[in-house]
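The following note is offered to a colleague who is beginning to read protein structures. Please keep the sequence and the structure in view while going through the numbered points.

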Amino acid sequence: MDFALSERAEDVCGRMWDFMREQVFPAEPVYEAWRAERGHDNHDHPPVLEELKVEARKRGLWNLFHHELGGLTNLEYASVAEIMGWSPVIAPEVTNCGAPDTGNMETLMLFGTAEQKERWLEPLLAGEIRSGFAMTEPDVASSDARNIQTSIVRDGDEYVINGRKWWITGTADERCQIFIVMGKTDPDGAPHRQQSMVLVPRDTPGFEIVRHLPVFGYQDQHGHSELRFTDVRVPAGNLLAGEGDGFMIAQARLGPGRIHHCMRAIGMAERALALMVERVKSRVAFGRPLAEQGTVREQIALSRIEIDQVRLLVLKTADLIDKYGAKGARTEIAAIKVAAPKVCLDVIDRAIQVHGGAGVSDDTPLAGFWAHARTLRIVDGPDAVHIRSVAKEELARERPYAG
């Protein structure tokens with residue numbers, strides 16, 4: 001495996017770092033102040049983000065997430081995503097590389113009709129609108145897609161949708177104009193052919209936003225919401241691919257997206273470690289700088305070792321996807337989804353410990369990072385599901401010798 005970046009990728013990473021230092025990091029306090037002035041539950045769009053989008057376009061840092069758009073392989077984009085992870089709230093959005101939009105754009109690119117692409121994909125690629133992915137439900141264990149209860153029933157030239165969804169990211173932002181909704185079109189069919197996906201515009205009658213859910217007390221600007229679909233009717237032409245293809249679409253959507261999540265988590269861990277190192281060099285306890293104390297040095301060393309280990313695993317996974325597709329890397333995709341958030345959380349936790357009270361306040365980004373990283377252990381399937389997948393593959397593996 002050769003993880004050396006191409007000349008193109010080196011250039012993109014360099015320009016991304018320049019953008020982060022010159023524009024994104026200075027914009028963080030502006031963004032936070034704007035939101036604080038408007039209150040905890042306000043989900044308006046901070047103007048500084050649009051200013052940063054203009055700058056990102058000028059620098060050629062737009063839609064880098066897909067090889068056909070940004071000219072980068074999954075392996076190369078992984079390094080770019082790590083840089084974005086240093087400012088996980090702002091950087092992905094202002095480069096049009098944020099979730100769930102990237103996954104939804106890839107889904108439309110793969111499975112959308114010409115009409116669907118013109119109406120929804122083009123404005124998404126332009127950053128004019130945002131989108132939601134409505135799969136998770138409150139009444140069932142949605143990590144098993146076979147449990148999905150939302151019904152999608154054909155009625156003439158329309159589909160009728162009834163059901164509840166929650167933790168649908170992006171909904172609170174009025175720019176979120178289209179939802180990819182997963183439900184059952186054939187409840188009695190084969191387990192992995194029961195589900196389908198349809199496109200539901202935000203202004204469709206019967207679509208209701210019930211509430212916006214906080215994450216450990218934080219209300220994200222774009223929101224994570226509970227939705228209700230009551231006799232929602234959409235044209236039959238809003239179906240993605242064919243009836244029964246929902247599970248297949250979900251699997252195709254999640255492979256590269258998990259690379260992005262994991263590399264952004266590594267970026268968060270790197271920033272937490274940087275904050276930790278800066279802190280211990282400037283604080284004194286029991287007559288010595290914290291940086292000279294053995295227990296602190298151990299925490300720093302462990303953080304470096306763990307970050308580098310998990311980065312190599314994620315890069316290996318990205319390389320496998322480039323060579324063999326998501327199916328050829330399914331075990332590694334599951335493994336990184338467990339490993340990367342855990343390492344990120346451990347490093348952030350050590351940084352919080354070193355910062356004391358400041359670490360759990362809003363004076364540093366660490367508390368927000370912790371809430372974000374902890375959520376990653378649930379997003380795109382909880383740890384237990386991915387561990388189950390890895391164990392299944394390991395139990396079936398043929399070995400040269402058992403003793």
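1. A residue is called buried when its relative accessible area is under 20%, exposed when that area is over 50%, and partly exposed in between. Tryptophan 17 has a relative accessibility of 24%, so this residue counts as partly exposed. Please note that the model under discussion is predicted.

2. Aromatic pairs deserve attention next. The structure holds 5 of them. In one pair, the ring centres of tryptophan 17 and tryptophan 86 lie 5.3 Å apart and the ring planes stand at 75°; because planes over 60 degrees apart count as edge-to-face, this pair is edge-to-face. Tryptophan 17 belongs to helix α1 (residues 7-38), whereas tryptophan 86 is found in the loop between α4 (74-84) and α5 (91-94), so the pair ties together parts that are 69 residues apart in sequence. Tryptophan 86, with a relative accessible area of 17%, is buried, while its partner tryptophan 17 is partly exposed.

3. A further aromatic pair joins phenylalanine 179 and phenylalanine 207; the distance is 5.0 Å centre to centre, the angle between the planes is 40°, and the pair is tilted. Strand β4 (residues 176-184) contains phenylalanine 179 and strand β6 (residues 207-212) contains phenylalanine 207, so parts that are 28 residues apart in sequence are tied together by this pair. Both phenylalanine residues, 179 and 207, are buried. Together with Phe229, Phe179 and Phe207 form one aromatic cluster.

4. Two arginine residues should also be inspected. Arginine 154 is placed over the face of tyrosine 159, at 5.3 Å from the ring centre. Arginine 253 is placed over the face of phenylalanine 133, and here the value is 3.8 Å from the ring centre.

5. Is histidine 224 buried or exposed? Its relative accessibility is 11%, so histidine 224 counts as buried. The residue is located in strand β7 (residues 224-235). Its side chain is joined to that of threonine 169 by a polar contact of 2.9 Å. When neighbours within four places in sequence are left aside, histidine 224 is in contact with Trp167, Ile168, Thr169, Arg211, His212, Leu213 and Val215.

6. A remark on annotation completes the note. An unreviewed UniProt entry assigns residues 132-232 the annotation "domain: Acyl-CoA oxidase/dehydrogenase middle". In the model, this span is 0% helix and 50% strand, and its end C-alpha atoms lie 16 Å apart.

Methods. Residues numbered from 1 in each chain as written. Predicted model: local features only at pLDDT ≥ 70, side-chain atom pairs only at ≥ 80, totals over all residues. Heavy atoms only, no water. UniProt positions renumbered as here; feature names shortened; annotations may be inferred. Helix = DSSP H or I, 4+ residues; strand = E, 2+ residues; numbered from the N terminus. Phe/Tyr/Trp six-rings, centres within 6.5 Å; stacked < 30°, edge-to-face > 60°. Buried < 20%, exposed > 50% of the residue type's maximum accessible area, 1.4 Å probe, protein only. Lys NZ or Arg CZ within 6 Å of the ring centre and 35° of its normal. Polar contact = N/O pair within 3.5 Å; in protein donor to acceptor, adjacent residues only side chain to side chain. Contact = heavy atoms within 4.5 Å.
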